[in-house]
Amino acid sequence: MTVSIQGTPIGAGHPVYVIAEIGLNHNGDVELAKKLIDVAAEAGAQAVKFQKRTPEISTPEHMKQVPRETPWGTMSYLDYRYRVEFDREQYVEIGDYATLRGLDWFASPWDEPSVDFLEDLGVGAHKVASASVTDHGLLARLAQTGKTIILSTGMSTLQEIDAAVEVLGTEKLVMLHATSTYPLPPEEANLRTILTLQQRYRNVPIGYSGHERGLQISLAAVALGAVAVERHITLDRTMWGSDHAASLEPQGFEHLVRDIRIIGEAMGDGVKRVFPGELAPLAKLRRVPAPTA
């Protein structure tokens, strides 16, 4: 099964679709967002992804007044959410910049008004964050857009994922295996779940969204057949913010994309053959020729 985002196919037999998750690592700064878009473009990713919230709706009630220490002083969690949220003009600026750098761009809407906000901007796809798998009102609104939907599956049971798929349908769906621990320890990666999802949702391309440190787990996901990989990126893992520590810095992300492309070439088609490069060693080293019929 293959789906597409703005003309780029995603599925078996196509290059792995690499998404640079900027999320909130821009810390509310458009210029920082542009630098992260540059990182994604120069590494060879196909897309950048943000997060879009209507804070008054998407912030859990019990969290709104919790104090949060920020670079701008102590403020409520709700005020912090407003502080790092881009408005329409800012999204137009970063969206246009991503397009000029040759990247698809989209976001994870955390509430239904945010879906309408992104639709008004003409995004080519939508992403469902793992935390939103059980928000069927949001999923139904996303399904109405007719756009390709990328569904992360962290912190979710198979039954919860089944219910989400029932709402979203499978015609324009990409699913990402994920574990929502930040940073992700290897023992919680559970990469064989990629195979479980491939078998359970046979008409849905399956990828991987990683929150681990390093590259190995994401590369192993590709070797297991992940057709899309999403990783958070940052300019510096020591920056203030909740996601920076589980993100890749520019050189690490560049190496990830490079190695994903090498693995893609190395996987082949599974047909056993003698390659041209083997002919000289064959002539030199094989003492007993193959029996003739």
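These legends accompany several close-up views of a predicted model.

**View 1. Helices H4 and H5 meet at an oblique crossing.**
Here we look at helix H4, residues 88-100, and helix H5, residues 112-121. Their axes come within 11 Å and cross at roughly 50°. That angle falls outside the ranges for parallel, antiparallel and perpendicular, so the two helices count as oblique to each other. H4 passes H5 in a right-handed crossing. On the H4 side, the contact is made by Arg88, Tyr91 and Val92, while H5 brings Phe117, Asp120 and Leu121. Sorted by class, this contact has 4 nonpolar and 2 charged residues, and no polar ones.

**View 2. Ring pairs join five aromatic residues into a cluster.**
The structure holds 6 aromatic pairs, and this view is a good place to explore two of them. Phe50 and Trp105 are arranged edge-to-face, with 6.5 Å centre to centre and 75° between the planes. This pair links distant parts of the chain: Phe50 belongs to strand S4 (residues 47-52) and Trp105 to strand S7 (residues 104-109), 55 residues apart. Phe50 has 0% relative accessibility and therefore counts as buried. Trp105 is buried too, because its relative accessible area is 9%, under the 20% cut-off. Trp105 also pairs with Tyr91, this time in a stacked arrangement, at 5.9 Å centre to centre and 20° between the planes. Here the link runs from helix H4 to strand S7, with the partners 14 residues apart. Tyr91 is buried, as is Trp105. The cluster as a whole takes in Phe50, Phe86, Tyr91, Trp105 and Phe117. Readers coming from the previous view will recognise Tyr91 and Phe117 from the contact between H4 and H5.

**View 3. Helix H9 has buried residues that are covered by helices and strands.**
H9 spans residues 216-223, and its buried residues are Ile217, Ser218, Leu219, Ala221 and Val222. Their cover includes helix H8 (193-200), strand S11 (206-210), strand S12 (228-232) and helix H10 (250-267). Just after the helix, look for Gly225, which follows H9 and has a positive phi near 110°.

**View 4. Helices H9 and H10 run roughly parallel.**
The axes of H9 and H10 come within 10 Å and cross at roughly 25°. An angle under 35 degrees counts as roughly parallel, which is why this pair is described that way. The crossing is right-handed. Ser218, Leu219, Val222 and Ala223 of H9 meet Leu256, Asp259, Ile260, Ile263 and Met267 of H10. By class, the residues of this contact divide into 7 nonpolar, 1 polar and 1 charged. Ser218, Leu219 and Val222 also appear among the buried residues of H9.

**View 5. Three loops show backbone geometry worth a second look.**
Some background helps here: most residues other than glycine have a negative phi, and most peptide bonds are trans. The peptide bond from Tyr182 to Pro183 is cis, with omega near -15°. Pro183 sits in the loop between strand S10 (173-178) and H8. Gln6 is not a glycine, yet it has a positive phi of about 50°. You will find Gln6 in the loop between strand S1 (3-5) and strand S2 (8-10). Asn27, another residue that is not a glycine, has a positive phi of about 50°. Asn27 is placed in the loop between strand S3 (17-23) and helix H1 (30-43). With 15% relative accessibility, Asn27 counts as buried.

Key:
Residues are numbered from 1 along each chain as its sequence is written. This is a predicted model: local features need pLDDT of at least 70, side-chain atom pairs count only at pLDDT 80 or more; totals for chains, interfaces and linings use all residues. Side-chain values use heavy atoms; hydrogens and water are left out. Axes are lines fitted to C-alpha atoms, for helices over the stretch in contact, and angles run from 0 to 180 degrees between N-to-C directions. Helices (H or I, at least four residues) and strands (E, at least two) are DSSP runs, numbered from the N terminus. Angles under 35 degrees count as roughly parallel, over 145 as roughly antiparallel, 65 to 115 as roughly perpendicular and the rest as oblique. A crossing is left-handed if the near helix is turned anticlockwise from the far one by less than a right angle, and right-handed if clockwise. Contact means heavy atoms within 4.5 Å. Ala, Val, Leu, Ile, Met, Phe, Trp, Tyr, Cys and Pro count as nonpolar, Asp, Glu, Lys and Arg as charged, and the others, Gly among them, as polar. Rings of Phe, Tyr and Trp (its six-membered ring) pair if their centres lie within 6.5 Å; planes under 30 degrees apart count as stacked, over 60 as edge-to-face and the rest as tilted. Buried means under 20% relative accessible area, exposed over 50%, partly exposed in between (1.4 Å probe, protein chains only).
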